[in-house]
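Trainee: Please take one part of this structure and look at it closely with me. I would like the surroundings of the ligand, and then how that part sits within the rest of the chain.

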Amino acid sequence: MATESARSERAGGVSSLRGLAGGGVFLPGDEEYDRARTTWALAVDLRPAAVAFPTSAAEVAAVVRAAASAGLRVAPVGTGHNAHPLGDLTDSVLLRMSGMSRIDIDPDARRARVEAGALWLPVIEAAAAHGLSALHGSSPDTGVVGYSLGGGVGWYGRALGLAANSVTAVELVTADGSLTRVDAEHEPELFWAVRGGGGANFGVVTTIEFTLYPIETAYAGMLVWDLRDAHRVLSRWARWAADAPDAVTTSYRHLQYPPIPEIPEPFRGRQLVIVDGAVLADDAEAERILAPLRDLGPELDTFGRVPAATLARLHMDPEQPTPGGGQSALLDELPPAAVDRLVEVAGADSGSSLFLAAELRQLGGALGRSQPGAGAVARLDGQFQLITGGMMVGEFAKQTVADCERVVDAMAPYSRGRQYLNFQEEAVDPSTGYDASTWDALLRLRKNADPAGLFQANHEIPHR
Ligand SMILES: Cc1cc2nc3c(=O)[nH]c(=O)nc-3n(C[C@H](O)[C@H](O)[C@H](O)COP(=O)(O)OP(=O)(O)OC[C@H]3O[C@@H](n4cnc5c(N)ncnc54)[C@H](O)[C@@H]3O)c2cc1C
């Protein structure tokens, strides 16, 4: 009975959102509700009280105010790439920012100003038209806001740091429904908090501004071996990665491709080791840096000078909504025993599922150093980022979860339990994303900014 009355009270409150966002509000029972609630993460079955697609900051503010009056929470998302840990949305409005995707590049100031629904690829291409690059990641279709305000580890990371620390201003609708601009001079504490503490813990970001870098080309590509070479390659890569100059950022991956026509040669039906990445140096220096890896005789070597914008697709990340998921961990080191274990649990004879991907991102360099004026994630406290993932639907889901767990557990001795939350697709203790004093400050600021817990974030900082 109590549930019944709660349900009808909620239905009454939710209906007050109808007509907002220029009619772009969809409620359960509406024909378009299922399409509206489906995000990039196809394996995540979000069932919000309502879905809203605002097209302006004023529409965002109107939805935030109406949700607050109706006793609903607000969960803003860009694409849904990290929708997995969002949690129960029964009493929440899923605020989808895809209708706000304007991109402005100021080539003289080397600055981009983009709306919160902007995806990386069009931003990269707009910047490249002026000979400029941004600190984007491996995926062309992650949202600029979610990626950047969660940290942002990309191909220029070891040279230029986390994307969050190149953010220069953010405009957001706060819990009282007002639009606020935060930067180094205005609301500096909030500006610090959003850069790593994630936007949705403090409001709905409508616009983000960030520095662009004069990078027109990079020495980038991939080296490919059969998965049977994993031990030999990982042993070398792990030693090399720890001492490599900051100019280079790479990833080491085990990938297994099904034997289906959609997968192009030379990847179809293969189990492979792939090292890909970028070097910000002239050709001679880049070749010197990569020589220890090339000496391992890859069967494919595509490294060479390329336009910077092509790095958006270097990693071959999926560009359509995908039914995937996985787990991750920050690792301190990869000694020989760790290499043995990783190959044992994710190598050719590991018996892991066809779709398991096990990846290590090379951290350190500028990603490991705090810079003056940095945000809440000033640096990543680890040498390597472990990422595991696979198909999370139907018959594959159980095996993917087991495979991912096996790899993360095997690497646990090399981790202190710290997380880079952007890559964490499970709900984890969010304090693991921060050092103790940063976490205390984030808790205080979240309580100040959103005492009623109006905003629902993927990795949520408690509001009480
Ligand atoms: C295939 C793939 C490749 C990836 N590659 C990289 C990589 O190279 N480097 C890296 O660092 N990360 C990478 N990631 C992780 C990625 O950075 C996170 O998934 C990030 O959260 C994506 O942001 P999004 O806005 O697209 O996702 P969403 O799921 O839409 O958003 C994630 C969270 O960001 C917050 N948010 C989003 N928009 C707003 C807004 N307008 N206002 C307030 N809060 C908001 C919310 O808390 C939301 O829950 C990758 C993920 C995938 C799936």
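Mentor: What follows starts at the ligand and works outward through the chain.

Keep in mind that this is a predicted model. The shell around the ligand holds 34 residues. The closest are Gly78, Gly137, Gly143, Gly146 and Gly199. By class, the shell divides into 14 nonpolar, 19 polar and 1 charged. Glycine is counted among the polar residues here.

Which elements supply at least two residues of that shell? They are β3 (73-77), α5 (144-150) and β9 (204-211). Helix α5 gives the largest share, 4 residues.

Now set this against the record. UniProt, in an unreviewed entry, places the feature "domain: FAD-binding PCMH-type" at residues 44-215. Over residues 44-215, the chain is 25% helix and 24% strand. The C-alpha atoms at the two ends of that stretch are 37 Å apart.

Next, a residue from much later in the sequence. Glycine 375 sits in the loop between β16 and β17. Is glycine 375 buried or exposed? Glycine 375 has 21 other C-beta atoms within 10 Å, and the cut-off for buried is 20 or more, so glycine 375 counts as buried. Its contacts, leaving out residues up to four places away in sequence, are Ala164, Asn165, Trp192, Arg195 and Gly196. Glycine 375 and leucine 149 are 226 residues apart along the chain, yet their C-alpha atoms are separated by 9.2 Å.

Proline 372 is placed in the loop between β16 (357-362) and β17 (384-391). Proline 372 has 6 C-beta neighbours inside 10 Å. The cut-off for exposed is 12 or fewer, so proline 372 counts as exposed. The C-alpha atoms of proline 372 and proline 76 are separated by 30 Å, with their positions 296 residues apart along the chain.

Follow the chain into strand β17, where isoleucine 387 lies. Isoleucine 387 is buried, with 23 C-beta neighbours inside 10 Å. Isoleucine 387 touches Gly326, Ser328, Glu359, Arg361 and Phe423, residues up to four places away in sequence being left out. From isoleucine 387 to leucine 360 is 27 residues in sequence and 6.3 Å in space, C-alpha to C-alpha.

Then the nonpolar interior. Nonpolar side chains tend to be buried together in soluble globular proteins. In this model, the largest nonpolar core has 149 residues. Leu17, Ala52, Val63 and Val93 touch the most other members. Helix α8 (residues 230-243) gives the most to this core, with 7 residues. Take valine 63 as one example. Valine 63 touches Leu17, Leu20, Ala21, Ala52, Pro54, Val93 and Leu95, again without counting residues up to four places away in sequence.

A few backbone details are worth a check on screen. Arginine 110 is not a glycine, but has a positive phi of about 50 degrees. Arginine 110 lies in the loop between β5 (103-106) and β6 (111-115). With 16 other C-beta atoms within 10 Å, arginine 110 is partly exposed. Methionine 316, also not a glycine, has a positive phi of about 60 degrees. Methionine 316 lies in the loop between β14 (304-307) and β15 (324-331). Methionine 316 has 15 C-beta neighbours inside 10 Å, so methionine 316 counts as partly exposed. The peptide bond from glutamate 265 to proline 266 is cis, with omega near 5 degrees. Proline 266 is found in the loop between β11 (248-256) and β12 (271-279).

Last, the whole chain. The protein chain has 12 helices and 17 strands. Its C-alpha atoms fill a box of roughly 65 × 55 × 45 Å along the principal axes. For 464 residues, a compact globule would have a radius of gyration near 23 Å. The protein chain has 22 Å, which agrees. Of the 464 residues, 52% count as buried. Among contacts between residues at least 6 apart in sequence, 74% join residues at least 24 apart.

Key. Residues are numbered from 1 along each chain as its sequence is written. This is a predicted model: local features need pLDDT of at least 70, side-chain atom pairs count only at pLDDT 80 or more; totals for chains, interfaces and linings use all residues. A residue is near a molecule or strand if its C-beta atom, placed from the backbone, lies within 6 Å of it. A nonpolar core is a set of buried Ala, Val, Leu, Ile, Met, Phe, Trp, Tyr and Cys residues joined through C-beta atoms within 7 Å. Two residues are in contact if their C-beta atoms, placed from the backbone, lie within 7 Å. UniProt positions are given in the numbering used here, feature names are shortened, and annotations may be inferred rather than shown by experiment. The radius of gyration is taken over C-alpha atoms; the globule rule is 2.2 Å times the number of residues to the power 0.38.
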